[in-house]
Amino acid sequence: MFKRNIDTFKLKKHAVPGSRRFQLHQHAQATLGAGRLLEAVKLPAGEDLYDWLAVNVTDFYNEVNLLYGVLVDVCTPTCCPTMSAGPRFEYKWADGVKIKKPIRCHAPKYIDLMMSWAQSTLDDESIFPMRVGEPFPPNIRQVICAIFKRLFRVYAHIYVLHFASMQEMGAEPHLNTCFRHFMLFVREFDLIDQQELAPLKELIDKIYSRCDEQLGAASMGDSPAR
């Protein structure tokens with residue numbers, strides 16, 4: 001297994017027993033453990049959409065946290081003076097509260113600011129309530145989409161700038177599986193604008209095409225013989 005450095009960010013705790021999302025978390029882990037990504041992204045029958053999105057955005061945060069932790073000695077202010085996904089895509093940071101005007105910063109700083117913001121947002125029970133019966137705020141979809149968009153930017157940075165390093169450390173298979181799961185979930189619930197996905201469009205198209213082929217083959221297999 002590749003070496004991980006998880007000291008950079010605090011892992012967000014999973015749903016705890018008795019909370020409104022504990023069973024959903026168990027369901028997600030069970031389907032993922034069986035390797036059924038196409039099934040794993042589907043909203044379980046009878047469940048609340050935003051509870052499902054909340055469970056999964058927490059898991060995706062943890063995955064990106066661990067993946068980027070592999071690169072803490074590689075992704076430095078010197079080699080990554082801007083947060084980018086190649087020369088055509090640069091990302092500036094603003095959280096709308098402490099930093100309202102987008103600022104340019106090196107990649108480690110951007111990712112530190114972003115992950116800290118995501119962590120505090122996920123910990124805020126006025127946004128992600130834990131008790132049964134408490135409603136999500138009216139802007140919950142906007143908040144969730146913002147987290148997904150920013151987590152995608154970390155994937156884009158890793159793939160474009162640090163993919164060779166991930167290969168050298170033996171992390172490529174895990175990276176690819178995590179990103180495939182991430183993008184299937186994004187497509188299922190339309191969580192990121194297409195223009196934001198442009199840096200990895202070719203890779204994403206391949207992921208979707210392959211999964212659609214698998215789905216089609218499975219459907220043909222379920223069809224009665226003629």
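**A walk through the predicted chain**

Read from its beginning to its end, the protein chain runs through the pattern α-α-α-β-β-α-α-α-α, which amounts to seven helices and two strands, where helices (H or I, at least four residues) and strands (E, at least two) are DSSP runs numbered from the N terminus. The model is a predicted one, in which local features need pLDDT of at least 70 and side-chain atom pairs count only at pLDDT 80 or more, while totals for chains, interfaces and linings use all residues. Residues are numbered from 1 along each chain as its sequence is written, and side-chain values use heavy atoms, with hydrogens and water left out.

Of the 226 residues in the protein chain, 46% count as buried; here buried means under 20% relative accessible area, exposed means over 50%, and partly exposed lies in between, with a 1.4 Å probe and protein chains only. The protein chain exposes about 12,200 Å², of which carbon and sulfur atoms supply 52%, the areas coming from the Shrake-Rupley method with a 1.4 Å probe, and for residues only the protein chains shown count as cover. Taking contacts (heavy atoms within 4.5 Å) between residues at least 6 apart in sequence, 73% join residues at least 24 apart.

The interior can be followed through the largest nonpolar core, which has 66 residues; such a core is a set of buried Ala, Val, Leu, Ile, Met, Phe, Trp, Tyr and Cys residues joined through side-chain atoms within 4.5 Å. The residues with the most contacts inside this core are Phe128, Phe148, Phe152, Phe179 and Phe182. Two or more residues are given to the core by each of H3, H4, helix H5 (140–168), helix H6 (172–189) and helix H7 (201–222), and H5 gives the most, with 14 residues.

Helix H3 (residues 49–69) also holds asparagine 56, which is buried at a relative accessible area of 2%. The side chain of asparagine 56 reaches the backbone oxygen of tryptophan 52 at 2.9 Å, and, leaving aside neighbours within four places in sequence, asparagine 56 is in contact with His181 and Phe185.

Charged side chains add a further set of links. A salt bridge is a side-chain nitrogen of Lys or Arg within 4 Å of a carboxyl oxygen of Asp or Glu, and by this rule the count comes to eight. In one of them, arginine 104 pairs with glutamate 90, the closest N and O atoms being 2.6 Å apart. Because arginine 104 lies in the loop between strand S2 (90–91) and helix H4 (107–123), whereas glutamate 90 lies in strand S2, the pair ties together parts that are 14 residues apart in sequence. Arginine 104 counts as exposed, at 56% relative accessibility, while glutamate 90, at 35%, counts as partly exposed.

Elsewhere, Glu125, Arg131 and Glu134 are linked in a network of salt bridges. Arginine 131 meets glutamate 125 at 3.4 Å, N to O, and forms a salt bridge with glutamate 134 in which the closest N and O atoms are 3.6 Å apart. Within this network, arginine 131 is exposed, with a relative accessible area of 55%, glutamate 125 is partly exposed at 39%, and glutamate 134 is partly exposed at 30%.

Conventions
Polar contact = N/O pair within 3.5 Å; in protein donor to acceptor, adjacent residues only side chain to side chain.
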